[in-house]
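Colleague: I should be grateful for a close look at one part of this model, followed by an account of its surroundings.

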Amino acid sequence: MTQPVDALATGDLHVIGRLTEASNMALLADVVTDEGPIRCIYKPVAGERPLWDFPGAALAAREVLTAKAAECFGWDLIPATVWRDDGPFGAGMCQEWVDSVDTAPVALFTPGEVPEGWRDVAEGLDSSGAPILLAHEASEPMAQMVVLDALVNNADRKGGHVLRRPDGRVAAIDHGVTFHAENKLRTVLWGWAGMPIPESLLGQVSDGAAAFAALVQEWGTHPAPGSAHLSDAEVRAATDRLESLQRDGTFPMPGANWPALPWPPM
């Protein structure tokens, strides 16, 4: 991932258009490099709408932090993501674009049609009143994503934030509402809730634990991109989440004081 990260951080950034469905400003852009343009999403801080529980210009920086957190554990989940101070609309996050295919790792099914190797999450009704099931793929990368979301306290893991690349790999996007001090985990990936985490995955967490702890400490001590930072409470909470997950060795369960599913889920 080093080459696209370096190129995204240094190449000339040219905006092509705006993704109008995004809640905050998300711009489609090209970064010009010697090897050709890299298509990306550019989210300037100036286009953020502060949330009541995430005040200030912090969302773009938390996307960069979450990408770095995934790197701590060696998980190839998040597209190359960098901070840029020199964007045409000011400082912000720049992330490699994912050309996704239709076979998404999270989907809705009619009862009895959930593919083998997938896990049911929730039942509901479609717009006509017919029953539907929300389910997700039960692969190792998806399990890694569940653990990553638990560690960074992702408050908005919608189905549309999990993409399938043309080569079959999964990609996770949209991580602005992460690292809150309070438990705000809200996700569509509850298929393993309360189950033991496989030893191999716990080993990956153990291998990256020191790097993750150092990362959150650094972002709590020094100004992060755009002068954003983690508060002392957020640093402590992230460290506590890491220690609890390693101690308990189980996938997270929905909390009682926060909606378990984002809305809309897909």
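In what order do the strands of the open sheet of three strands lie, and is their pairing parallel or antiparallel?

Modeller: The model is a predicted one. Its open sheet of three strands has the order β6-β8-β7, and the pairing is antiparallel. The edge strands, each of which pairs on one side only, are β6 (106-109) and β7 (118-125). From one strand to the next, the twist averages 25°. Strand β8 (residues 131-137) is joined to β6 by four bridges, the two strands running antiparallel. Within β8, L133 is the bridge partner of F109.

From the sheet we may turn to helix α3, which comprises residues 140-152. At 1.5 Å a residue, its 13 residues should span 18 Å, and the end C-alpha atoms are indeed 18 Å apart, which agrees. Helix α3 is largely enclosed by the rest of the structure, because 11 of its 13 residues are buried. The buried residues of α3 are M142, A143, Q144, M145, V146, V147, L148, D149, A150, L151 and V152. The residue that follows α3 is N153, and its phi is positive, near 60°.

Helix α4 (residues 199-221) comes next. It has 23 residues and reaches 33 Å from its first C-alpha to its last, close to the 33 Å expected at 1.5 Å a residue. Helix α4 nevertheless bends by about 50° at G208. G208 is itself among the buried residues of α4, which are L201, L202, V205, G208, A209, F212, L215, V216 and W219. In a general α-helix there are 3.6 residues a turn, so residues three or four places apart point the same way.

F212 leads from this helix to the aromatic contacts. Five aromatic pairs are found in a search of the whole structure. In one of them, the rings of F73 and F212 have centres 5.6 Å apart and planes at 35°, so this pair is tilted. F73 lies in the loop between α2 (59-72) and β4 (81-84), whereas F212 belongs to helix α4, so the pair ties together parts that are 139 residues apart in sequence. F73 counts as buried because its relative accessibility is 7%; F212, at 0%, counts as buried too.

F212 also pairs with F179: their ring centres are 6.4 Å apart and their planes are at 25°, so this pair is stacked. Here too the pair links distant parts of the chain, with F179 in the loop between β10 (170-172) and α4, and F212 in helix α4, 33 residues apart. Both F179 and F212 are buried. Together with W75, the residues F73, F179 and F212 form one aromatic cluster.

The cysteines remain to be considered. A search of the whole structure finds zero disulfides. C40 is in no disulfide, and the nearest cysteine sulfur, that of C94, is 3.4 Å away. A disulfide requires sulfur atoms within 2.5 Å, so the distance from C40 to C94 does not qualify. C40 is nonetheless buried, its relative accessible area being 0%.

Conventions: Residues numbered from 1 in each chain as written. Predicted model: local features only at pLDDT ≥ 70, side-chain atom pairs only at ≥ 80, totals over all residues. Heavy atoms only, no water. Buried < 20%, exposed > 50% of the residue type's maximum accessible area, 1.4 Å probe, protein only. Expected span 1.5 Å × (residues − 1). Pairing = 2+ DSSP bridges. Axes fitted to C-alpha atoms, helices over the stretch in contact; angles between N-to-C directions. Phe/Tyr/Trp six-rings, centres within 6.5 Å; stacked < 30°, edge-to-face > 60°. Bend = angle between axes of the 7 residues up to and from the residue.
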